[in-house]
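Me: Could you take a close look at one part of this model for me, the strand in the middle of the pairing, and then walk me through whatever else fits around it? Keep it relaxed, but give me the numbers.

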Amino acid sequence: MRYAGPAGAAAEPPISGCDHWGARPPSRPVTVHSARPHKVIVHHTDSPNVQDGSQAHAFALARSIQDSHLGRGWIDSGQHFTISRGGHVMEGRHHSLETLLGGAATVESAHTTAQNTVAIGIENEGTYDTVQPPSALYASLVDLCATICTRYGLRAYQIYGHRDFNDTDCPGDLLYARLPRLRADVAARIGGSAVAPVWPTLTVGATGERVRSLQYLLRQHGSALPVNGTYGSVTANAVRAFQGAVKAGLDGVAGPQTWNQLVAPLATGSSGEAVRAVQSQLAARGAGLRVDGAFGPATRSAVAAFQAGASLPADGVVDARTWGALVA
């Protein structure tokens with residue numbers, strides 16, 4: 001399969017499917033989840049910055065990556081899509097292209113610990129610690145991110161780098177530093193804000209509603225710590241245990257990596273400790289909500305009112321930017 005994009009749609013790049021570049025079959029069936037992803041995560045391959053921009057080289061790269069990942073015992077290529085230094089875009093894991101075009105499902109992947117069922121992963125050929133990505137690669141990255149966001153209903157600020165979640169240098173210092181521009185370039189195509197969520201840094205000695213939110217979220221992920229609004233040794237140990245589980249930086253400090261791993265979108269019908277975190281934040285702002293962990297119409301209305309006051313899309317859905325504004 002080779003998808004060339006609809007006529008006149010400059011934001012949808014040609015994408016060569018697995019069969020087109022000569023992929024081997026997956027070693028086991030690929031899992032497809034019947035839900036949209038929450039985000040896009042940008043990687044680099046940490047491989048040589050070759051000068052060959054041909055399609056033949058790009059296809060050889062895709063086969064090499066798949067061989068390497070199969071050799072690790074993975075079922076297929078770990079990422080959903082690959083972009084060569086020549087700007088050629090290829091499907092990575094099987095069925096990623098067809099699910100993208102459908103816009104309603106996500107292929108389970110293997111590119112970012114704890115995000116592989118909810119994030120689209122893009123590998124960019126090369127190493128970008130001290131050199132910038134070539135213009136052809138970057139242009140295709142903008143096109144592909146715009147396509148993913150449009151097809152899945154994502155916003156430009158939902159584009160991240162691998163190091164936003166795991167303790168890694170990926171996608172390289174210079175490509176990571178270009179992510180604000182990438183979000184802005186994608187936003188220019190699809191509309192909306194390019195401003196990424198901003199997270200507080202909490203450590204031992206912190207108190208207040210932000211700490212309560214952190215504690216609720218840790219409980220959502222299985223911790224049994226009490227929700228008391230005090231960041232003591234118990235909370236620090238719970239943070240450290242969570243960081244170890246998701247392969248974030250292991251320091252017991254709740255910074256951006258930890259928050260990015262903790263939060264997930266919430267909407268009408270959601271339930272649990274994360275909903276309590278939202279309700280507690282809104283109640284502290286005078287919303288008059290019960291902190292019962294059930295995201296019903298009253299919670300949705302309070303979220304939408306908060307969003308309107310914070311100049312966010314007032315859709316009643318607690319996405320990453322709304323989370324960031326709540327705990328700022």
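Reply: Two strands count as paired when DSSP finds at least two bridges between them. With that in hand, and bearing in mind that this is a predicted model, let's start with strand 8, residues 119-124. Strand 4 (residues 39-44) pairs with strand 8 in the parallel sense, over six bridges. One of the contacts to look for links His44 to its bridge partner Asn124 in strand 8. Strand 5 (residues 81-83) also runs parallel to strand 8, and three bridges join them. Here Thr82 has Glu123 as its bridge partner.

As for cover, six of the six residues of strand 8 are buried. Ala119, Gly121 and Glu123 point one way, Ile120, Ile122 and Asn124 the other, and all of them are buried. So Glu123, the partner of Thr82, and Asn124, the partner of His44, are both among the buried residues, since buried means under 20% relative accessible area.

Now for the empty space. There is one cavity of 30 Å³ or more, with a volume of about 100 Å³. Its lining includes His38, Lys39, Gln158, Tyr160 and Phe165, along with Asp319 and Ala320. Lys39 is also where strand 4 begins, given its range of residues 39-44. By class, the lining has six nonpolar, three polar and two charged residues.

Asp319 turns up again in the salt bridges, of which the structure holds nine. First, a pair within a helix: Glu273 and Arg276 sit three residues apart in helix 10 (residues 273-284), about one turn of the helix. Their closest N and O atoms are 3.0 Å apart. Glu273 counts as buried at 17% relative accessibility, while Arg276 is partly exposed at 26%. Then there's the network: salt bridges with shared partners join Asp319 to Arg155 and Asp315.

Helix 6 (residues 179-190) has a pair as well, Arg181 and Asp185, four residues apart and so separated by about one helical turn. That salt bridge spans 3.4 Å from N to O. Both ends are partly exposed, Arg181 at 46% and Asp185 at 25%.

Last, the cysteines: the disulfide count is zero. The sulfur of Cys145 is 6.3 Å from the closest cysteine sulfur, that of Cys149, so the two are too far apart for a bond. Both are buried, Cys145 at 0% relative accessibility and Cys149 at 2%.

Conventions. Residues are numbered from 1 along each chain as its sequence is written. This is a predicted model: local features need pLDDT of at least 70, side-chain atom pairs count only at pLDDT 80 or more; totals for chains, interfaces and linings use all residues. Side-chain values use heavy atoms; hydrogens and water are left out. On a 1 Å grid over the protein atoms alone, a cavity is a set of points where a 1.4 Å probe fits but cannot get out, and a pocket is an open set with protein on both sides within 12 Å along at least five of seven lines; lining residues have an atom within 4 Å of a point. Grid points are joined across faces, edges and corners, and a volume is the space filled by probe spheres set on the points. Ala, Val, Leu, Ile, Met, Phe, Trp, Tyr, Cys and Pro count as nonpolar, Asp, Glu, Lys and Arg as charged, and the others, Gly among them, as polar. Buried means under 20% relative accessible area, exposed over 50%, partly exposed in between (1.4 Å probe, protein chains only). Helices (H or I, at least four residues) and strands (E, at least two) are DSSP runs, numbered from the N terminus. A disulfide is a pair of cysteine sulfur atoms within 2.5 Å. A salt bridge is a side-chain nitrogen of Lys or Arg within 4 Å of a carboxyl oxygen of Asp or Glu.
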